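Me: Please take a close look at a single loop of this model, and then relate that loop to the rest of the chain. I would like one connected account rather than a list.

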Amino acid sequence: MKIAAIVMTHGKPDVTFDTVDSVRTWLTDDIMLVVDKKGWHHFNNRDPQGCELLEGYTHGISRSPYRNYTLGLMNTYRRWPDHDWYFYVEYDVLVASHWIKKDLEAAQRKGVSFLGCDYRIQDMTFPLLADILGAGSFQKGHYFLGCCHFIANGFVRQLEERGFFERFLERTAEFKVGEFPGYGRHAFEEELMPTMCVHLGGKVQELSCWKGGDKGIEKDKWRGAGTRYPVRYTPEIVAREVYPDASIIHPLKSFDHPIRVHYRKNRERIKRAGRP
């Protein structure tokens with residue numbers, strides 16, 4: 001199985017490269033690092049540590065970087081067009097083990113084209129998106145939390161063959177940063193790709209979903225594989241929520257977070273031993 005990663009960042013090089021190292025250790029060496037132009041000065045003179053470095057559009061706010069998401073996916077697909085999966089991941093995610101690969105293999109066997117966390121469906125029409133995609137009107141929006149998405153090659157190839165990427169980036173170039181006409185939720189990239197995936201006949205799959213709100217830390221507050229994918233918007237993950245089978249963890253926003261420190265030391269031991 002071939003995986004290429006799109007790591008999205010706006011700053012915090014120490015945290016970003018810790019995430020990059022976790023991706024490289026467990027998933028792939030093929031990494032596109034997409035940097036918000038507002039934070040480009042933090043990265044353009046640094047060692048990219050084996051990443052392909054891509055200067056993104058100016059964004060500079062904490063929500064809805066859907067244009068940089070699309071730019072990153074387009075360039076990553078074109079750089080590695082034969083890969084099975086494209087892993088979109090924000091800088092504050094940590095990959096903790098290779099267990100996700102087993103779930104991706106199972107998803108391939110079931111014909112799944114998109115995986116993420118916190119799946120929701122709502123009535124939405126997206127008339128502008130429908131016009132840009134050119135595949136009929138939408139009736140439903142399909143949502144996954146925006147921090148990490150696994151996107152199958154077949155779906156991305158459909159978008160490429162339709163000429164979607166350039167058309168979308170051109171049609172959205174003059175919009176106010178983070179805004180998309182007719183969309184009132186927090187972050188458009190959380191619904192952009194999964195909605196189109198389902199519309200074009202693809203299957204989607206939820207890995208886990210946090211059901212505990214912003215308080216309380218309990219194992220039974222997760223739907224799905226919460227021990228393997230402790231991934232949520234807020235609050236930040238704490239050590240007692242991380243189990244031995246953890247594979248992807250979010251959010252971990254500081255370099256010296258105890259969970260990051262633990263897994264960084266673990267990766268160092270693995271490298272010294274010549275594994276995985």
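Reply: Helices here are DSSP runs of H or I with at least four residues, and strands are runs of E with at least two, both numbered from the N terminus. With that convention, the loop to examine in this predicted model is the one that runs between strand E12 (222-224) and strand E13 (248-249), where Arg-228 is found.

Arg-228 is a useful place to begin. With a relative accessible area of 17%, Arg-228 is buried, because the limit for that word is under 20%. Setting aside neighbours within four places in sequence, the contacts of Arg-228 are Trp-99, Asp-103, Asp-245, Ala-246, Ser-247 and Ile-248. Ile-248 falls in the range given for strand E13 (248-249), and Arg-228 is in contact with Ile-248 as well as with Trp-99 and Asp-103. As a point of reference in space, the C-alpha atoms of Arg-228 and Asn-75 are 30 Å apart, with the two positions 153 residues apart in sequence numbering.

The backbone of this loop also deserves attention. Most peptide bonds are trans, and most residues other than glycine have a negative phi. Pro-235 lies in the loop between E12 and E13, and the peptide bond that leads from Thr-234 to Pro-235 is cis, with omega near -5 degrees. A second cis bond is found beyond E13: it joins His-250 and Pro-251, with omega about 0 degrees, and Pro-251 lies in the loop between E13 and helix H8 (258-273).

Backbone angles elsewhere can be set beside these cis bonds. Lys-12, in the loop between strand E1 (3-9) and helix H1 (13-26), has a positive phi of about 50 degrees although it is not a glycine; Lys-12 counts as partly exposed, because its relative accessibility is 38%. Phe-126, in the loop between strand E7 (120-123) and helix H4 (127-133), likewise has a positive phi without being a glycine, about 45 degrees. Phe-126, by contrast, is buried, because its relative accessible area is 6%. A glycine can be added to this list: Gly-201, just after helix H7, takes a positive phi of about 100 degrees.

Helix H7 itself, residues 189-199, is mostly covered, with nine of its eleven residues buried. Its buried residues are the three glutamates Glu-189, Glu-190 and Glu-191, followed by Leu-192, Met-193, Pro-194, Thr-195, Met-196 and Cys-197.

A strand residue gives another view of the contacts in the fold. Val-112 is found in strand E6 (residues 112-116) and counts as buried, at 8% relative accessibility. Leaving out residues up to four places away in sequence, Val-112 touches Trp-85, Ala-107, Ala-152, Lys-203, Val-204 and Gln-205. The C-alpha atoms of Val-112 and Phe-155 are separated by 9.9 Å, although the two residues are 43 apart along the chain.

The cysteines can be treated briefly. A disulfide is a covalent bond between the sulfur atoms of two cysteines. The structure holds zero disulfides. For Cys-117 the nearest cysteine sulfur is that of Cys-148, at 4.7 Å, and Cys-117 is buried at 1% relative accessibility. For Cys-147 the nearest is again the sulfur of Cys-148, 3.8 Å away; the cut-off for a disulfide is within 2.5 Å, and therefore Cys-147 is in none. Cys-147 is also buried, with a relative accessible area of 3%.

Finally, the whole chain puts the loop in context. The protein has eight helices and 13 strands, and of its 276 residues 55% are buried. The radius of gyration is 18 Å, which agrees with the value near 19 Å that a compact globule of 276 residues would have, and the C-alpha trace spans about 50 × 45 × 35 Å along its principal axes. Among contacts with a separation of 6 or more, 68% join residues 24 or more positions apart. The exposed area is about 12,100 Å², of which carbon and sulfur atoms supply 48%. The protein carries 40 positive and 36 negative side chains, and the centres of these two sets lie 3 Å apart.

Notes. Residues numbered from 1 in each chain as written. Predicted model: local features only at pLDDT ≥ 70, side-chain atom pairs only at ≥ 80, totals over all residues. Heavy atoms only, no water. Rg over C-alpha atoms; globule rule 2.2 N^0.38 Å. Buried < 20%, exposed > 50% of the residue type's maximum accessible area, 1.4 Å probe, protein only. Contact = heavy atoms within 4.5 Å. Areas by Shrake-Rupley, 256 points an atom, 1.4 Å probe, with all protein chains shown as cover. Lys, Arg positive; Asp, Glu negative; His and termini not counted. Charge placed at Lys NZ, Arg CZ, Asp CG, Glu CD.
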